[in-house]
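Welcome to this short briefing on one protein chain. Take a moment with the sequence and the 3D view, and then follow the points below.

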Amino acid sequence: LEMPPRVLVACSLALAAAETARPAVAWTIAGSDSGGGAGIQADLLAFHSFGVHGCSVISALTAQNSVGVQHIELPSRQSVRE
């Protein structure tokens, strides 16, 4: 199958654009789940699965397992603000 030169050029340009294109960026503000099944960890995984670069603001640190949450630590307001 031969392609006209203009099609080859268009394909080459499309590939070059795809290689240099920056991915979309999304932010999540959530707690960190030490088990990885929810919170920041799950959000970043979901972003990645859609080809989106994920950024995060951690609003809580947790110590938990499948039974429950044993401890929650909140960051300072200044830490979140900056």
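A good place to start is Thr62, which stands opposite Ile72 in S3. Please keep in mind that this is a predicted model. From that pair of residues we can work outwards to the strands, the helix that packs on them, and two residues worth a visit.

**From the hairpin to the sheet**

- S2 and S3 pair in the antiparallel sense, and four bridges link them.
- The connection from S2 to S3 is a hairpin, made through four residues.
- On the other pairing, S1 runs parallel to strand S2 (residues 53-64), with eight bridges between them.
- If you would like to trace the S1 to S2 pairing by eye, try Ala26, which stands opposite Gly54 in S2.
- Trp27 offers another marker, as its place is opposite Cys55 in S2.
- Further along, Ala30 faces Ile58 of S2 as its opposite residue.
- Taken together, the three strands form an open sheet with the order S1-S2-S3 and mixed pairing.
- Why is one side of S1 and of S3 left without a neighbour in the sheet? Strand S1 (25-32) and strand S3 (69-73) stand at the edges and each has a single partner strand, so one side of each has no neighbour there.
- On average, neighbouring strands of this sheet are turned by 30° against each other, direction ignored.
- As general background, strands in a sheet pair through backbone hydrogen bonds, in either a parallel or an antiparallel way.

**The helix on the sheet**

- Helix H2 (residues 39-49) packs on the sheet and touches both S1 and S2.
- The direction of H2 makes about 155° with that of S1.
- S1, H2 and S2 together make a β-α-β unit, and the unit is right-handed.

**A closer look at Ser32**

- Ser32 is found in strand S1.
- Is Ser32 buried or exposed? Its relative accessibility is 13%, and because buried means under 20%, Ser32 counts as buried.
- The side chain of Ser32 is joined to that of Gln41 by a polar contact of 2.9 Å.
- Beyond its neighbours within four places in sequence, Ser32 is in contact with Ile40, Gln41, Ile58, Ala60, Leu61 and Thr62.

**A closer look at Leu74**

- Leu74 has its place in the loop between S3 and helix H3 (77-81).
- With a relative accessible area of 63%, Leu74 is exposed.
- Which residues does Leu74 contact, once its neighbours within four places in sequence are left aside? They are Ser59 and Ala60.
- Leu74 and Thr62 lie twelve residues apart along the chain, and their C-alpha atoms are separated by 8.8 Å.

**The chain as a whole**

- The protein chain has three helices and three strands, and from the N terminus on its elements run α-β-α-β-β-α.
- Of the 82 residues in the protein chain, 10% are buried.
- Looking at contacts between residues at least 6 apart in sequence, 46% join residues at least 24 apart.
- The protein chain has an accessible surface of about 6600 Å², and 61% of this belongs to carbon and sulfur atoms.

How values were computed
Residues are numbered from 1 along each chain as its sequence is written. This is a predicted model: local features need pLDDT of at least 70, side-chain atom pairs count only at pLDDT 80 or more; totals for chains, interfaces and linings use all residues. Side-chain values use heavy atoms; hydrogens and water are left out. Two strands pair if DSSP finds at least two bridges between them. Helices (H or I, at least four residues) and strands (E, at least two) are DSSP runs, numbered from the N terminus. Axes are lines fitted to C-alpha atoms, for helices over the stretch in contact, and angles run from 0 to 180 degrees between N-to-C directions. Contact means heavy atoms within 4.5 Å. Buried means under 20% relative accessible area, exposed over 50%, partly exposed in between (1.4 Å probe, protein chains only). A polar contact is a pair of N or O atoms within 3.5 Å; within protein, one must be able to donate a hydrogen and the other to accept it, and residues adjacent in sequence count only if both atoms are side-chain atoms. A crossover is right-handed if, with the strands pointing away from the viewer, the path from the first strand over the helix to the second runs clockwise. Accessible areas come from the Shrake-Rupley method with a 1.4 Å probe; for residues, only the protein chains shown count as cover.
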